[in-house]
Amino acid sequence: MSASAVFILDVKGKPLISRNYKGDVAMSEIDHFMPLLMQREEEGALTPLLSHGRVHFLWIKYSNLYLVATTLKNANASLVYSFLYKIVEVFSEYFKELEEESIRDNFVIVYELLDELMDFGFPQTTDSKILQEYITQQGNKLETGKSRVPPTVTNAVSWRSEGIKYKKNEVFIDVIESVNLLVNANGSVLLSEIVGTIKLKVFLSGMPELRLGLNDRVLFELTGRSKNKSVELEDVKFHQCVRLSRFDNDRTISFIPPDGDFELMSYRLSTQVKPLIWIESVIEKFSHSRVEIMVKAKGQFKKQSVANGVEISVPVPSDADSPRFKTSVGSAKYVPEKNMVIWSIKSFPGGKEYLMRAHFGLPSVEKEEVEGRPPIGVKFEIPYFTVSGIQVRYMKIIEKSGYQALPWVRYITQSGDYQLRTS
């Protein structure tokens with residue numbers, strides 16, 4: 001059993017939408033939620049679950065909205081929170097941005113979706129692709145495009161409809177890794193991790209079964225292969241289509257995919273990562289006069305790879321003025337509202353080294369710097385490259401009609417939270 005009722009409140013706690021699924025919680029009970037939340041916040045004891053009498057409030061905040069589920073029973077809290085985040089995901093698919101205005105503009109479709117998402121306290125159809133088959137939206141109006149609920153809703157495979165046909169059967173696989181890095185002023189790496197996702201774009205007819213093979217270290221150990229070029233995946237999370245029992249038994253990623261775009265899996269690696277773009281900076285501050293900044297950037301990745309769209313954000317004093325720049329490549333611009341110099345390099349090959357010099361005037365009255373300087377931030381994207389070394393070894397596509405399908409694989413490494421401290 002999940003929630004008795006679901007409410008969507010604005011930032012002041014005023015209900016915008018309410019849906020009572022079981023009728024055992026009075027709608028007036030939601031009036032107690034906001035005062036209780038404010039009181040707990042003042043006491044420094046705010047928790048994601050609040051109770052008032054017999055009623056339990058399980059809540060999340062998204063944008064300028066509170067999504068609150070109520071229950072009188074000892075419900076499965078993780079299921080309730082998963083459901084609330086699923087509501088966010090579905091509404092975002094329909095309205096692009098989930099906020100107060102999109103709720104007010106789409107009351108009819110919101111109520112229709114809430115009716116389909118849960119019934120008598122039990123989550124029902126929560127896949128947005130299937131919901132869009134019979135709850136269609138045109139502008140802010142609702143059209144019931146199909147008079148009957150598609151059989152997918154009651155199928156074992158609730159995320160894919162039957163009878164899908166394509167002239168050309170293809171699967172596009174994107175392996176995207178984000179590098180999170182924090183380096184201190186001495187050049188020591190304080191934090192280093194890789195967060196990866198495997199995204200698929202599926203254009204396949206019928207009801208195919210797919211099997212994806214990776215250079216997974218645990219799989220290599222099970223099959224007695226060499227572990228030299230394998231990767232140890234941590235915190236692996238799968239889309240609901242993946243057969244978890246099969247993965248637990250023999251590490252096979254087997255699934256019947258949804259149609260179109262979806263995220264198949266995510267993973268994390270906490271291995272030590274060599275900084276892909278290394279930054280050194282020298283800041284000379286001449287009292288009451290000027291400040292000169294020299295920044296050196298070096299690509300510490302394979303020479304055959306190229307980082308695209310590199311942006312290096314260098315902090316400058318808040319009272320600086322009269323900027324002048326000199327760069328060996330790319331361009332630099334001063335962004336005064338952020339107290340930053342943004343050095344942009346369109347194409348940065350591995351092994352290359354570039355320089356940027358910046359000169360700023362300072363006012364005659366010296367301003368004390370109470371806090372240390374913010375770190376230098378770096379943004380980049382390196383196609384055809386993964387820092388972890390993960391590889392798609394194969395993608396098998398099995399469908400009863402026996403058609404031939406083409407899998408395409410693309411690898412991308414990009415910056416996540418990538419910072420280098422200067423002080």
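Where along the chain does Asn106 sit? Its place is in the loop between α3 (100-105) and α4 (107-117). Despite being a loop residue, Asn106 counts as buried, because its relative accessibility is 5% and the cut-off for that label is under 20%. A polar atom of the Asn106 side chain lies 2.8 Å from the backbone oxygen of Ser102. Keep in mind as we go on that this is a predicted model.

Let's step back to the whole chain. It has 423 residues, and buried ones make up 44% of them. The secondary structure comes to 7 helices and 25 strands. Laid along its principal axes, the C-alpha trace spans about 75 × 60 × 40 Å. The accessible surface is about 22300 Å², with 48% of that belonging to carbon and sulfur atoms. As for how the chain meets itself, take the contacts with a separation of 6 or more: 68% of them are between residues 24 or more positions apart.

Now for the domains. The assignment gives domain 1 (5-132), domain 2 (170-273 + 387-420) and domain 3 (277-365 + 372-383). Between the centres of domain 1 and domain 2, taken over C-alpha atoms, there are 33 Å.

Helix α2, which covers residues 77-95, is a good next stop. Its 19 residues reach 27 Å from the first C-alpha to the last, close to the 27 Å expected at 1.5 Å a residue. Plenty of side chains to look at here: the buried residues of α2 are Val80, Tyr81, Phe83, Leu84, Ile87, Val88, Val90, Phe91, Ser92, Tyr94 and Phe95. Just after the helix, Lys96 takes a positive phi of about 70°.

Next, the nonpolar interior. The largest nonpolar core holds 69 residues, and those touching the most other members are Ile198, Leu200, Leu212, Ile253, Phe255, Leu264 and Ile312. Strand β10 (residues 170-183) supplies the largest share, 6 residues. Where does this core lie relative to domain 2 and domain 3? Both domains give residues to the core, so it lies between them. Apart from it lies another core, this one of 33 residues, among them Tyr21, Ala69, Tyr81 and Leu98. You've already met Tyr81 as one of the buried residues of α2.

Back in the larger set, Ile198 is worth a click. Not counting residues up to four places away in sequence, Ile198 touches Ile173, Asp174, Val175, Leu212, Leu214, Glu263, Leu264, Met265 and Tyr267. Two of those partners, Leu212 and Leu264, are also on the list of core residues that touch the most other members.

Over in strand β18 (residues 306-315) you'll find Ser313. Is Ser313 buried or exposed? Ser313 counts as buried, because its relative accessibility is 19% and the limit is under 20%. Leaving out residues up to four places away in sequence, Ser313 touches Met340, Val341, Ile342, Pro375, Ile376 and Gly377.

For a contrast, turn to Leu222 in helix α6 (residues 217-223). Leu222 counts as exposed, because its relative accessibility is 54% and exposed means over 50%. Beyond its neighbours within four places in sequence, Leu222 is in contact with Asp250 and Arg251. As for Lys400, it is 178 residues from Leu222 in sequence, and their C-alpha atoms are 30 Å apart in space.

Methods
Residues numbered from 1 in each chain as written. Predicted model: local features only at pLDDT ≥ 70, side-chain atom pairs only at ≥ 80, totals over all residues. Heavy atoms only, no water. Helix = DSSP H or I, 4+ residues; strand = E, 2+ residues; numbered from the N terminus. Buried < 20%, exposed > 50% of the residue type's maximum accessible area, 1.4 Å probe, protein only. Polar contact = N/O pair within 3.5 Å; in protein donor to acceptor, adjacent residues only side chain to side chain. Contact = heavy atoms within 4.5 Å. Domains from an automatic or database assignment. Core = buried A, V, L, I, M, F, W, Y, C linked by side-chain atoms within 4.5 Å. Expected span 1.5 Å × (residues − 1). Areas by Shrake-Rupley, 256 points an atom, 1.4 Å probe, with all protein chains shown as cover.
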